[in-house]
Amino acid sequence: MKVSQILANGRQSLSFEIFPPKKESAFESIKEATEKVASLNPDYMSVTYGAGGGRSRFTVDVAVNLMEKYGTTMVAHLTCVSSTKEQIDEQISRMKETGIENILALRGDIPADAPAREDWSFQHASELVRYIRSQGDFCVGGACYPEGHPESEHIMLDIANMKKKQDAGLDYFVTQMFFDNNVLYNYLFKMRESGITIPVIPGIMPFTKKSQLKSIRDLSGSFLPQRFIQMVDRFGDDPKSMKQAGIAYATDQIIDLYANAIDHVHVYTMNDYEVAGAILRNLSHIIGRD
Ligand code: FAD
């Protein structure tokens, strides 16, 4: 099934993101973890892809396993930064052969050892979106950034670049994580004012370990509201309490989104079955899963 069909079916959805193994030796343990997450029966799942090639080999393998074993609708991420057109063609062919209908098309973060930019086959995600569109009947998603992409000088310039992805044929956006829903609501207003009409799916990261703080700051530079900082100050050094508080915080964000008529939410599960399962149970009546 295509994600666009799920987004159009008139009911709330909850989807989960997982990551593939970096090395062959971790394949079995990651496979098991992702199967547990899939057994929760989310509306669909997406599998990330390493920009530098690290996790790239296994993205499709993980997606196909879950499609076959659980009948899960799967999205395979694909990044184009420093990839040749041949490498992208190879990934797209594998997706076609294995029946993957959904691709999240990304540029990817630029690795330190990336070749000179003029040698890249694709400069921006919008070019990849257009290319995928020309290669088959895929549903194509893309990333967007409620606090602006870190390389962008101004949020409105960033939104203008996001619009280029819509113009290239994107079906929907998934947002970078954020911890204050007002940031998302402001962003949605600016996007709609800028002519973006396709669905924008908020991406929620359950903050369950104090160690996540650094990567969150490095990755997204997210604004951390006082309520969030107090939660980490109070529970950060007690892993069980932090996990419980983080699940409650993420649940609260999702309920607020649904309450404000945002019907589709994507959760960065980090392959954690307990976290994904707890959030799903917290929302069971709301998303009609009881
Ligand atoms: P783009 O849309 O190309 O944007 C990147 C920057 O270029 C922005 O600053 C934008 O404003 C600017 N830009 C875009 N188009 C133009 C243009 N035509 N002219 C000038 N400037 C332009 N990374 C991974 O490696 N693997 C993953 O699986 C992965 N999954 C992700 C999933 C989500 C939901 C999100 C939000 C991010 C994900 N990322 C992933 C991270 C992402 O690859 C990085 O944030 C990357 O730096 C930008 O990718 P993009 O597709 O948004 O790029």
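**Notes on helix packing, the ligand site and two loop residues**

1. Starting with the α2–α3 pair: Phe-27, Lys-31, Thr-34, Glu-35 and Ala-38 on the α2 side meet Phe-58, Asp-61, Val-62, Asn-65, Leu-66, Lys-69 and Tyr-70 on the α3 side. Sorted by class, this contact has six nonpolar, two polar and four charged residues. Keep in mind that this is a predicted model, so none of it comes from an experimental map.

2. How are those two helices set against each other, and how far apart are their axes? α2 and α3 pack at an angle of about 45 degrees, and their axes are 10 Å apart. That angle is why α2 counts as oblique to α3. The crossing here is right-handed.

3. Next, follow α3 to its contact with α4. Helix α3 covers residues 56-70 and helix α4 covers residues 85-98; their axes come within 11 Å and cross at roughly 10 degrees. With a crossing like that, α3 is roughly parallel to α4.

4. Which residues make up the α3–α4 contact? From α3 you have Ser-56, Arg-57, Val-60, Asp-61, Val-64 and Met-67, and they meet Gln-91, Arg-94, Met-95 and Thr-98 of α4. The class count for this contact is four nonpolar, three polar and three charged residues. Asp-61 is worth a click in the viewer: it is listed in the contact with α2 and also in the contact with α4.

5. Further along the chain, helix α10 (residues 239-259) packs on helix α11 (residues 273-282) at an angle of about 45 degrees, with 10 Å between the axes. So α10 is oblique to α11, and the way α10 passes α11 is a right-handed crossing.

6. On the α10 face of that pair, look for Lys-243, Ile-247, Ala-250, Thr-251 and Ile-254; their partners in α11 are Glu-274, Val-275, Ala-278, Ile-279 and Asn-282. By class, the α10 contact with α11 has six nonpolar, two polar and two charged residues.

7. Now the ligand. How many residues surround it, and which are the closest? There are 26 around the ligand, and the closest are Tyr-49, Asp-109, Tyr-145, Asp-158 and Lys-165.

8. For polar contacts at the ligand, I'd pull up three residues. A polar backbone atom of Arg-107 sits 2.8 Å from a ligand oxygen atom. With His-149 the contact goes through the side chain: one of its N or O atoms is 2.8 Å from an oxygen atom of the ligand. Ser-152 also uses its side chain, with a polar atom lying 3.5 Å from a ligand oxygen atom.

9. Finally, two backbone angles to check. Asn-41 has phi near 60 degrees, a positive value in a residue that isn't glycine. You'll find Asn-41 in the loop between α2 (27-38) and β2 (45-47).

10. The other one is Ala-261: again not a glycine, yet its phi is positive at about 65 degrees. Where does Ala-261 sit? Ala-261 is in the loop between α10 and β9 (264-268).

Definitions and conventions:
Residues are numbered from 1 along each chain as its sequence is written. This is a predicted model: local features need pLDDT of at least 70, side-chain atom pairs count only at pLDDT 80 or more; totals for chains, interfaces and linings use all residues. Side-chain values use heavy atoms; hydrogens and water are left out. Axes are lines fitted to C-alpha atoms, for helices over the stretch in contact, and angles run from 0 to 180 degrees between N-to-C directions. Helices (H or I, at least four residues) and strands (E, at least two) are DSSP runs, numbered from the N terminus. Angles under 35 degrees count as roughly parallel, over 145 as roughly antiparallel, 65 to 115 as roughly perpendicular and the rest as oblique. A crossing is left-handed if the near helix is turned anticlockwise from the far one by less than a right angle, and right-handed if clockwise. Contact means heavy atoms within 4.5 Å. Ala, Val, Leu, Ile, Met, Phe, Trp, Tyr, Cys and Pro count as nonpolar, Asp, Glu, Lys and Arg as charged, and the others, Gly among them, as polar. A residue is near a molecule or strand if one of its heavy atoms lies within 4 Å of it. A polar contact is a pair of N or O atoms within 3.5 Å; within protein, one must be able to donate a hydrogen and the other to accept it, and residues adjacent in sequence count only if both atoms are side-chain atoms.
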